[in-house]
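The following exercises ask the reader to classify contacts and residues step by step. Each task is followed by a worked solution.

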Amino acid sequence: MIPAGSLLVAEDLHKTYGRTTALDGAGFSIHPGEVVAVMGSSGSGKSTLLHCLAGIVPPDSGTLRYDGQDLVAMTDARRSALRRTEFGFVFQFGQLVPELTCTENVALPLRLAGVRRRAAELTALQWLERLEVEDIGHQRPSEVSGGQGQRVAVARALVTSPRVVFADEPTGALDTYSGERVMQLLTDAARTTNAAVVLVTHEPRVAAYSDREIVVRDGRTRDVDHTV
Amino acid sequence: MSIGHTLLALLESGPRHGYDLKRAFDEKFGHDRPLHYGQVYSTMSRLLKNGLVAVDGVEAGGGPERKRYAITEAGVTDVSQWLAQPEKPEPYLQSTLYTKVVLALLTGRSAAELLDLQRTEHLRLMRILTDRKRQGDLADQLICDHALFHLEADLRWLELTSARLSRLASEIGAPGRPGPGDQKKAGA
């Protein structure tokens, strides 16, 4: 049963790559302001689930609704617009543009949405401050540490005030302390802005920042907290 | 670890004498600390008194050590309830959890569900500690972190064990497969 008030809902998702089944009847739902951890071993299908939920990869079958709209039937252009304006993304590696400064990186989604440079960079600076990395705004990604770079990536994911943030192993490349800070800042910021966070992780301590946990096993999901 | 529940679960495969039970226990779980005969007989007397086992026969020669015990329906239900109850998350639970997993496999119950349930219980406590850490001062953070790292170690062990259930089942000679479909009903 789909919980009332869900922002993003998936039911009975199937996805195969060649002869490999990645999703085999997976389901998912999330409320505004909720942080849901998606856990599972390597190859369980958790990243495919995230890519389907974010409209990056279409499922072979199943239903996918975001804010009442059918995400599968939507045109590519509309889906791309949605990803730019309503979704934010944080990945494990290589998400910042190396030629741009950190401030310019954070301002980029706003610039792509048509916001003027000055206004975009001002908002970007506010987010860098919130993520406690305002002092590296003028530096390029190669000149900052992994933990700082990941905070910049979080700032960039949140700068458009997305309604859903998709985070795929956001602390995977960080040491324990930096990882903890990133998770704290990410979940604090998301909760303040009422954004939903889909958090893919295999680390229990990272999952402990969530409100709820979904386990993916052999392409099937299990809502652990709701079954007890 | 609950010796009573462990001996009870070992009786599910069929009636045994006290010395048989001790041998089975030592072989599977008593690597470091084998049971004393006294412990076996005092435990069996208690289980007998509570109606969880019955005397299935007494060999000629008498003496308490000659009694053969069989598990009762109430005993099977008691084992089911014990296995279905997650352990209170705390460091160094492995021996209890390991015992439960092995017994679930040996008695045809779902070891996978047992591990899932325990994992949920662990994560629930980890969320509480993480929340306390967010709101606390540095001392709170350090204390919570210590507990969180230990709980995380348990969780990693739970995950690793989940992935190795089939192998463990075949190594201990458990009947059937370890999946949820093999769960045995309480009292069955």
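**Exercise 1.** In this predicted model, determine whether Glu132(A) is buried, partly exposed or exposed, and describe the salt bridge that Arg181(A) forms with Glu132(A).

*Solution.*
- Step 1. The relative accessible area of Glu132(A) is 41%. Buried means under 20% and exposed over 50%, with partly exposed in between, so Glu132(A) is partly exposed.
- Step 2. For Arg181(A) the value is 18%; since this is under 20%, Arg181(A) is buried.
- Step 3. The closest N and O atoms of the two residues are 2.6 Å apart. A salt bridge requires such atoms to be within 4 Å, and Arg181(A) and Glu132(A) form one.
- Step 4. Arg181(A) belongs to helix α6 of chain A, whereas Glu132(A) is in the loop between α4 (117-130) and α5 (146-158), so the pair ties together parts that are 49 residues apart in sequence.

**Exercise 2.** Which parts of the chain does the salt bridge of Asp24(A) and Arg220(A) link, and how does the pair of Arg124(B) and Glu121(B) lie in its helix?

*Solution.*
- Step 1. The side chains of Asp24(A) and Arg220(A) meet at 3.1 Å, N to O.
- Step 2. Asp24(A) is in strand β2 (residues 20-30) and Arg220(A) in strand β10 of chain A; they are 196 residues apart, and the pair links distant parts of the chain.
- Step 3. Asp24(A) is partly exposed at 27% relative accessibility, and Arg220(A) is partly exposed at 45%.
- Step 4. In chain B, Arg124(B) forms a salt bridge with Glu121(B), with 3.1 Å between the closest N and O atoms. These two residues are 3 residues apart in helix α6 (residues 111-135) of chain B, and therefore about one helical turn separates them.
- Step 5. Over all chains, the structure holds 26 salt bridges.

**Exercise 3.** Classify the aromatic pair of Phe87(A) and Phe166(A) as stacked, tilted or edge-to-face, and do likewise for Phe89(A) and Phe91(A).

*Solution.*
- Step 1. A search of the whole structure finds 7 aromatic pairs over all chains. In one of them, Phe87(A) and Phe166(A) are 5.1 Å apart, centre to centre, with 70 degrees between the planes. An angle over 60 degrees counts as edge-to-face, so this pair is edge-to-face.
- Step 2. Phe87(A) lies in strand β6 (residues 87-90) and Phe166(A) in strand β7 (residues 164-168) of chain A, so the pair ties together parts 79 residues apart in sequence. Both Phe87(A) and Phe166(A) are buried.
- Step 3. The rings of Phe89(A) and Phe91(A) are 6.0 Å apart, centre to centre, with 15 degrees between the planes. Planes under 30 degrees apart count as stacked, so this pair is stacked.
- Step 4. Phe89(A) is buried at 17% relative accessible area, whereas Phe91(A) is partly exposed at 28%.
- Step 5. Ring pairs link Tyr66(A), Phe87(A), Phe89(A), Phe91(A) and Phe166(A) into a cluster.

**Exercise 4.** Where are Asn194(A) and Asp218(A) found, and what is the sign of phi in Asn194(A) and in Asp218(A)?

*Solution.*
- Step 1. Most residues other than glycine have a negative phi.
- Step 2. Asn194(A) has a positive phi near 60 degrees. Its place is in the loop between α6 (176-192) and β8 (196-200) of chain A.
- Step 3. Asp218(A) also has a positive phi, of about 50 degrees, and is found in the loop between β9 (212-217) and β10 (220-223) of chain A.
- Step 4. Asn194(A) is partly exposed at 45% relative accessible area; Asp218(A), at 59%, counts as exposed.

Notes:
Residues are numbered from 1 along each chain as its sequence is written. Chains are lettered from A and ligands numbered from 1 in the order in which they are written. This is a predicted model: local features need pLDDT of at least 70, side-chain atom pairs count only at pLDDT 80 or more; totals for chains, interfaces and linings use all residues. Side-chain values use heavy atoms; hydrogens and water are left out. Rings of Phe, Tyr and Trp (its six-membered ring) pair if their centres lie within 6.5 Å; planes under 30 degrees apart count as stacked, over 60 as edge-to-face and the rest as tilted. Helices (H or I, at least four residues) and strands (E, at least two) are DSSP runs, numbered from the N terminus. Buried means under 20% relative accessible area, exposed over 50%, partly exposed in between (1.4 Å probe, protein chains only).
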